[in-house]
Amino acid sequence: MSSPSGITNRHSIVTLLGVLAFNHPPTVALAATPALTLFVSPDGNDSSDGSPEHPFASPERARLAIRSLKSANTLPVDGILVSIQPGSYSRSTPLLLTAEDAGSPTAPIVWKAASGKVTFDAGIHILPKHFQPVDEETSKRLAPEAKGHVLWVDLNALAIRHKIEFPLNFDNGGNLIEFYFNGERLPLSRWPNSGSATMERVTDKADTAPGEPKRNGKFIAREDRVATWPVDRGVWVEGYWRVPWDNRTLKVASIDPATREITLAAPVGGGIGSKYGGPQGSGTEAWWAVNLLEEIDQPGEWCVDFKSERLYWWPKEKWQTASLVLSDMSEPLIRAEKTAYLRLEGFQVENGLANGIEIRDSQYVEVVNCTARNLAGSGIVIQRGEHNTVRSCDVSSVGHSGIVLSGGNRTTLQPCDHLVDNNHIQKVGILKKTYAPGILVGIFGSGDAVGARVSHNFVHDVPHGGIQYGGNNHIFEYNEVSHSVLTSDDMGAFYTTNDWTSCGNILRYNFVHHSPNAVAFYMDDGDGGDTIFGNIAYEMQSGPSVCGGHYNTVLNNLVFRCKRGLFMDSRGVPRVYDKTSPLFKKLKAVPFDQAPWTEQFPYLKDLPDSDTRLPQGNLVARNVTGDCEKSVRLSGKTEELKGSTLKDNLDLQKRDPGFVDESKGDLTLKPDSVIFKELPDFEVIPFQKIGLYKDEFRSNLPDRQLENPPKH
């Protein structure tokens, strides 16, 4: 393919990797011996003076003391340390830090957990005495194996708020309480217990045309048991109704016991039944039922009966001495809002129905060495602001995303300079199974983002994407993503989509592996202007994929043991990426023809005068593939792809690439690797620097997951 004029200079390594300047946020740190330390302890008293001998009982009391010092203009010149002593702090409202609580560059405020475990706990702890055996009438509804085991608790008596009926159509947990046993999230009753059922056939896709009255879909279930479900008490079914990247839970309007036909109570966008199947679907559409008393059939399962507002549960062994917790608080445990020069260090936040920690419209706030777990929302969220940091934190077992970022100004391209570094993120998207990745930056409702750095994070065990991003001038480097796209499809370990102007992002020196259902680096549906340099994709569905967009650069990457190595297509032709498309509307929404856009992304100003259906200005060069079913796949006519360049790529097929120790996951290339001989310009990838690193907070590193996950 011929090279567009000037593409060689535009794709020089200096341009690719040196265009973005990023200033690390300065560390918010106290002097070695701060003039004032305030102490908080579970055994303290808010009438005390906050000294080591007489600590406060609550963080709010320490906050009040700091505000009093500020109002009297007697804040110590070297800042204040709030030392939170070990123990559990029950929360029913957030710890709120505002402008009144801000420090300064020379006098920061540091909130620090003392040595030992400090937990902010939003849960409601319930006791064995709260549970009662079910009556005879209720027992008739139970599965045979559950009879004599299931107990119930009155949620009204516990003053539980989040117990009302599910919405008709939702994708985020439905705002229902969650239940934990010794810190382990208990499963809402589900049929089948694992995997999914499939439709026998669709009887009404309900794919109504624009302007037509909406209809609700209908399908035939394969199993007779659906006739036993009590629609009058509320039945909800969850599934991937049309495409494998859109999971929704829907109320059932009716079930015909004679035919097993299920009529849904709400429409699904685009209708039900695989969009790739005919009028009756494909017969492979995945669905399952949730929150049915009739389907409690193993220890640990529970449900809420919305009519009686009771929770039913089959207890696990030794439950009488276990910690039993319900999540009911719908606010974050810690919120910093319109503040600055704060540091939050060493806290564990858990058992909330919302996000764990939120930083809003703030500057120079650090969240360091914190743990966010057992949450229905996201772990740590930074909304807007600038120079904020999340470092060396652990996020696990959360309903939505692990870490969420927004900030910066897309009109002026002013960066936010947020930093997300050295964080371990796993088991996210438990409630929202799609578009709730390990790290979410500037896309899918997170808010606009410009100029963030995401580095040295380890993301794994996620149902959908690993890291999803939009916006401009981000750097994603030295991250590791594995076991991604576990229960969905058509998604990437790194993923961005549908925006010509989401450009200037650099993805370099990342390791994505053992995710056979995931594209490694996925520039989907026309997305453009990104640089994929020096990454390693191993045991993936596909390596880097350029899908109809413009001016993407895929350079110097290793792609091994993937179904497909490199991919490029011209989907803009059949999907009509012209001035009528949403892509063009997004282009017009930014000042693409004015400075600084014309200085940083000069190619955008020429797009309106070109045939934007045809991918142009892409460069796929100096990449190495090996042991892939297909090293390169191009989709589209040759004349449609001629505006992009594919050159100087090396396919080793099944030859030894010269990894140091592939069996142990060390993909460092030996100096005598055949790659350096046959592709002399290939640059060394610093594999040993990828992933988490040891620091003052992280003394041990988790093992890499080097086995493919079970097929879903």
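These legends go with several views of one predicted protein model.

**View 1. The whole chain, with its helices and strands.**
Start with the big picture: this chain has 8 helices and 56 strands. Its radius of gyration is 27 Å, close to the 27 Å that the globule rule gives for 712 residues, so the chain is as compact as a globular protein of that length. Lay a ruler along the principal axes and the C-alpha trace spans about 80 × 75 × 55 Å.

**View 2. Inside and outside.**
How much of the chain is buried? Buried residues account for 59% of the 712. On the outside, the chain exposes about 28000 Å², and carbon and sulfur atoms supply 48% of that area.

**View 3. Contacts along the sequence.**
Here, look at contacts between residues at least 6 apart in sequence. Of these, 69% join residues at least 24 apart.

**View 4. Where the charges sit.**
The chain carries 73 positive and 86 negative charges. Take the mean position of each set, and the two points are 2 Å apart.

**View 5. Close-up of Cys370 and Cys393.**
Why is there no bond between the sulfurs of Cys370 and Cys393? For Cys370, the closest cysteine sulfur is the one in Cys393, but at 4.9 Å it's too far for a bond. A disulfide needs the two sulfur atoms within 2.5 Å. Swap the viewpoint to Cys393 and its closest cysteine sulfur is in Cys370, again 4.9 Å away. Both residues are tucked out of sight: Cys370 is buried, with a relative accessible area of 1%, and Cys393 is buried too, at 0%. For the chain, the disulfide count comes to 0.

Conventions:
Residues are numbered from 1 along each chain as its sequence is written. This is a predicted model: local features need pLDDT of at least 70, side-chain atom pairs count only at pLDDT 80 or more; totals for chains, interfaces and linings use all residues. Side-chain values use heavy atoms; hydrogens and water are left out. Helices (H or I, at least four residues) and strands (E, at least two) are DSSP runs, numbered from the N terminus. The radius of gyration is taken over C-alpha atoms; the globule rule is 2.2 Å times the number of residues to the power 0.38. Buried means under 20% relative accessible area, exposed over 50%, partly exposed in between (1.4 Å probe, protein chains only). Contact means heavy atoms within 4.5 Å. Accessible areas come from the Shrake-Rupley method with a 1.4 Å probe; for residues, only the protein chains shown count as cover. Lys and Arg count as positive and Asp and Glu as negative; His and the chain ends are not counted. The place of a charge is taken as NZ of Lys, CZ of Arg, CG of Asp or CD of Glu.
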